[in-house]
Amino acid sequence: MANVVIVGAQWGDEGKGKIVDLLTQYADAVVRFQGGNNAGHTIVLKEEKFVFHLIPSGILYHSKKCVIGNGVVIDPAVLIEEINEVKKRGYFKDESQLMISEEAHLILPYHRRIDMARDRISKIGTTGRGIGPAYEDKVARCGIRMVDLLDEKIFQKKLEDNLLQKNLYLVEVLKEKSFEISEILDEFLRFRKQLGKYVTNTSLFLHEEIQKGKQILFEGAQGALLDLDHGTYPYVTASNTVAGNVCAGSGIGPTMIDSVMGVAKAYTTRVGEGPFPTELQDPLGEKLRERGGEYGATTGRPRRCGWFDAVVVNHAIRINGIQKVAITKLDVLNDFDKIKVCVGYRVGGKVIGHVPSDLERLKSCQPVYEELDGWMTEIKGARKFSDLPKNARHYIRRIEELTHTKITMISVGSERNETVEVKNPFLKRDRKKPPH
């Protein structure tokens, strides 16, 4: 038995949804541990496309528990819409399949209004979903949690207290419209009726499942370079996206984690503002975008595209403790006769092999490339590594050499079965059970 963490090894949008979907077959429960509905995990199953923003990707397996952990910030309207959509499409028939942490914080309408108004003033590239302001309230100890929503009196009192401050800030500082308590209270009390049955102590549930020897898969959102501490700050998300946040965001101890798998595209993308050393602002970048369908699952924004950056992935490997890597969208490179890989950055007359924390220094970095031959053929039918063309195998091996990490899964198409060398990361563990 083992517990496995899946994290993004670039700027998000790496295809984690598909990898989680594939690995859920080995797990008993799937846990989302951070972020909000600014994330979008896309899965294609039997030519049907699913996009999940809050519900863990494992919901497409009828027998798997799906947990939204305490580290997630939840917009109830979005979650309810997602639940209804999944049910309408024939999944999530057993409502006990979904569990929501009673300690998860809520996104309120004023969070979204604040988020959008601020981004107009100082462009960060936020999705405008209210994620950052909700996390701010959590840190400021004025956040409202799912458990508060279950008690009408407590919820109303906290909402009244918050609106005294939020309305003043909205009107006097941001020059925005204020809120009446009724326009939030009535709506959220309806949400309570729809979501209350899923709310529970998920930390206790996970502890008990691990005690029983069950296998847990932890699903990260966004990517390592968007981490609040270790990403390209301030052009980052509002939570810690790294594997180290699994424990804080789900309520388990660090000794419960057995392995960490990183997910990286065969090239690189990012959404929003911020430095991007390998970005291609030319027809090649446009070709990557169109071939890869690189438009945000949450916002629809076109993603910025560039060559694979080994410096970025090595940064992710280091800060996450990644032991294995899954490469996605290798098929997007099918008709490129030459493919480049960034092996270092040239800055100030020197070549460096790490991502600088100094944003201005990072902006001045010029990628140092190696050029490899492409394979110029369709690969979606490959199921074993030996099925791949010679040059595709060479490309994967070169990435392994540059990242000093074993690539154990390779996605060669959007469908679940269009994957090479799926290996079960849920290896047997030799570990004493934690104390009760």
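**Exercise 1. Helix H1**

Task: State which residues of H1 are buried in this predicted model, and what follows for the helix as a whole.

Solution.
Step 1. List the residues. The buried ones in H1 are Lys16, Gly17, Lys18, Ile19, Val20, Asp21, Leu22 and Leu23.
Step 2. Set the list against the length of the helix. Eight of the eight residues of H1 are buried, so the helix is largely enclosed by the rest of the structure.
Step 3. Take one residue as an example. Asp21 belongs to H1, which spans residues 16-23. Its relative accessible area is 1%, and the cut-off for buried is under 20%, so Asp21 counts as buried.
Step 4. Find its neighbours. Leaving aside residues up to four places away in sequence, Asp21 touches Ile43, Ser57, Leu60, Tyr61 and Arg416.

**Exercise 2. Strand S1**

Task: Determine whether the faces of S1 are covered or open, and name the strands that pair with S1.

Solution.
Step 1. Recall the geometry. Side chains in a regular strand alternate between the two faces of the sheet.
Step 2. Sort the residues by side. Asn3, Val5 and Val7 are on one side, and Val4, Ile6 and Gly8 are on the other. All of these are buried, and both faces of S1 are covered.
Step 3. Draw the conclusion for the strand. Six of the six residues of S1 (residues 3-8) are buried, so S1 is largely enclosed by the rest of the structure.
Step 4. Identify the first partner. S1 pairs with S10 (residues 216-219) in the parallel sense, over four bridges. In this pair Ile6 stands opposite Glu219.
Step 5. Identify the other partner. S11 (residues 259-265) runs parallel to S1 and is joined to S1 by five bridges. Here Val5 stands opposite Val260.

**Exercise 3. A cavity and a pocket**

Task: Describe the largest cavity and the second largest pocket by volume and lining.

Solution.
Step 1. Count the cavities. Searching the whole structure gives one cavity of 30 Å³ or more.
Step 2. Give the volume of the cavity. The largest cavity holds about 40 Å³ of space.
Step 3. Name its lining. The residues are Arg32, Ala39, His41, Phe52, His53, Leu54, Ile55, Ser57 and Glu219. By class, four are nonpolar, three polar and two charged. Glu219 of this lining also stands opposite Ile6 in the pairing of S1 with S10. Ser57, another lining residue, is among the contacts of Asp21.
Step 4. Turn to the pocket. The second largest pocket has about 210 Å³ of space. Its lining comprises 13 residues, and those nearest the centre are Val51, His53, Val78, Glu81 and Glu82. His53 also appears in the lining of the largest cavity.
Step 5. Assign the pocket lining to elements. Strand S4 (48-52) and helix H2 (76-88) each supply at least two residues. H2 gives the most, with five.
Step 6. Classify the pocket lining. There are five nonpolar, three polar and five charged residues.

**Exercise 4. Backbone in the loops**

Task: Locate the cis peptide bond and two residues other than glycine with positive phi, Phe92 and Lys175.

Solution.
Step 1. Find the cis bond. The peptide bond from Tyr233 to Pro234 is cis, and its omega is near 10°. Pro234 sits in the loop between S10 and helix H9 (245-250).
Step 2. Take Phe92. Its phi is near 55°. The residue is found in the loop between H2 and strand S7 (98-101).
Step 3. Take Lys175. Its phi is near 60°. This residue lies in the loop between helix H6 (152-173) and helix H7 (181-195).
Step 4. Check exposure. Phe92 is buried, with a relative accessible area of 1%, whereas Lys175 is exposed at 63%.

**Exercise 5. The whole chain**

Task: Judge how compact the protein is for its 436 residues.

Solution.
Step 1. Count the elements. The protein has 13 helices and 20 strands.
Step 2. Compare the radius of gyration with the globule rule. The radius is 22 Å, close to the 22 Å that the rule gives for 436 residues, so the protein is as compact as a globular protein of that length.
Step 3. Add the dimensions. Along the principal axes, the C-alpha atoms fill a box of roughly 65 × 50 × 40 Å.
Step 4. Add burial and contacts. Buried residues make up 58% of the 436. Of the contacts with a separation of 6 or more, 76% join residues 24 or more positions apart.

Key:
Residues are numbered from 1 along each chain as its sequence is written. This is a predicted model: local features need pLDDT of at least 70, side-chain atom pairs count only at pLDDT 80 or more; totals for chains, interfaces and linings use all residues. Side-chain values use heavy atoms; hydrogens and water are left out. Buried means under 20% relative accessible area, exposed over 50%, partly exposed in between (1.4 Å probe, protein chains only). Contact means heavy atoms within 4.5 Å. On a 1 Å grid over the protein atoms alone, a cavity is a set of points where a 1.4 Å probe fits but cannot get out, and a pocket is an open set with protein on both sides within 12 Å along at least five of seven lines; lining residues have an atom within 4 Å of a point. Grid points are joined across faces, edges and corners, and a volume is the space filled by probe spheres set on the points. Ala, Val, Leu, Ile, Met, Phe, Trp, Tyr, Cys and Pro count as nonpolar, Asp, Glu, Lys and Arg as charged, and the others, Gly among them, as polar. Two strands pair if DSSP finds at least two bridges between them. The radius of gyration is taken over C-alpha atoms; the globule rule is 2.2 Å times the number of residues to the power 0.38.
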